[in-house]
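Me: I'm new to this structure and would love a close look at a single part of it, the nonpolar core. Could you walk me through that part and what lies around it?

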Amino acid sequence: MRIPILTSLALPLAACAGYAEPAETPTDRMRQLTGGTCDADAVQGYLGREASDQIGAEIVDKSGAKTLRWGPPNSVWTMDYRSDRVNVQYDEAMTITEITCG
């Protein structure tokens, strides 16, 4: 008999409890933890250039990304998305063919 009475007393209190939006979203928190976000538009001028360590470092710097992922010809990539990563694909001649973020 006590359990239904206690439950009936707790329900109105639970209804009064409000919901507050989190101060930051998980995406905001991830950006804070991982650094900046990638801007592929800023590095499209590197298309057609030869892929090299130096060019890769410049692309990372100018895109604002934290990491670089090279995409060799005919390679398979994972589908995980990272806002702090720049992807650079190149062909058999080591020519950069595509630059994207993720």
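Reply: Happy to! One term before we start: helices and strands here are DSSP runs, numbered from the N terminus, with at least four residues for a helix and at least two for a strand. Please keep in mind that this is a predicted model.

Read from the N terminus, the chain's elements run α-α-α-β-β-β, which makes three helices and three strands. Of its 102 residues, 24% count as buried.

Now to the core itself. The largest nonpolar core has 13 residues, and those touching the most other members are Tyr46, Ile59, Val86, Val88, Ile96 and Ile99. At least two core residues come from each of α3 (53–63), β2 (85–90) and β3 (96–101). As a general backdrop, nonpolar side chains in soluble globular proteins tend to be buried together.

Val88 is a good place to pause. Setting aside neighbours within four places in sequence, Val88 contacts Ile59, Leu68, Arg69, Trp70, Gly71, Trp77, Ile96, Glu98 and Ile99.

Charged residues are worth a look too. The whole structure holds two salt bridges. In one of them, Arg85 pairs with Asp80, and their closest N and O atoms are 3.5 Å apart. Arg85 counts as buried because its relative accessibility is 7%, under the 20% cut-off, while Asp80 is partly exposed at 38%. The other salt bridge joins Asp84 and Arg82 at 3.3 Å, N to O. Here Asp84 is the buried partner, with 2% relative accessibility, and Arg82 is partly exposed at 32%.

Methods
Residues are numbered from 1 along each chain as its sequence is written. This is a predicted model: local features need pLDDT of at least 70, side-chain atom pairs count only at pLDDT 80 or more; totals for chains, interfaces and linings use all residues. Side-chain values use heavy atoms; hydrogens and water are left out. Buried means under 20% relative accessible area, exposed over 50%, partly exposed in between (1.4 Å probe, protein chains only). A nonpolar core is a set of buried Ala, Val, Leu, Ile, Met, Phe, Trp, Tyr and Cys residues joined through side-chain atoms within 4.5 Å. Contact means heavy atoms within 4.5 Å. A salt bridge is a side-chain nitrogen of Lys or Arg within 4 Å of a carboxyl oxygen of Asp or Glu.
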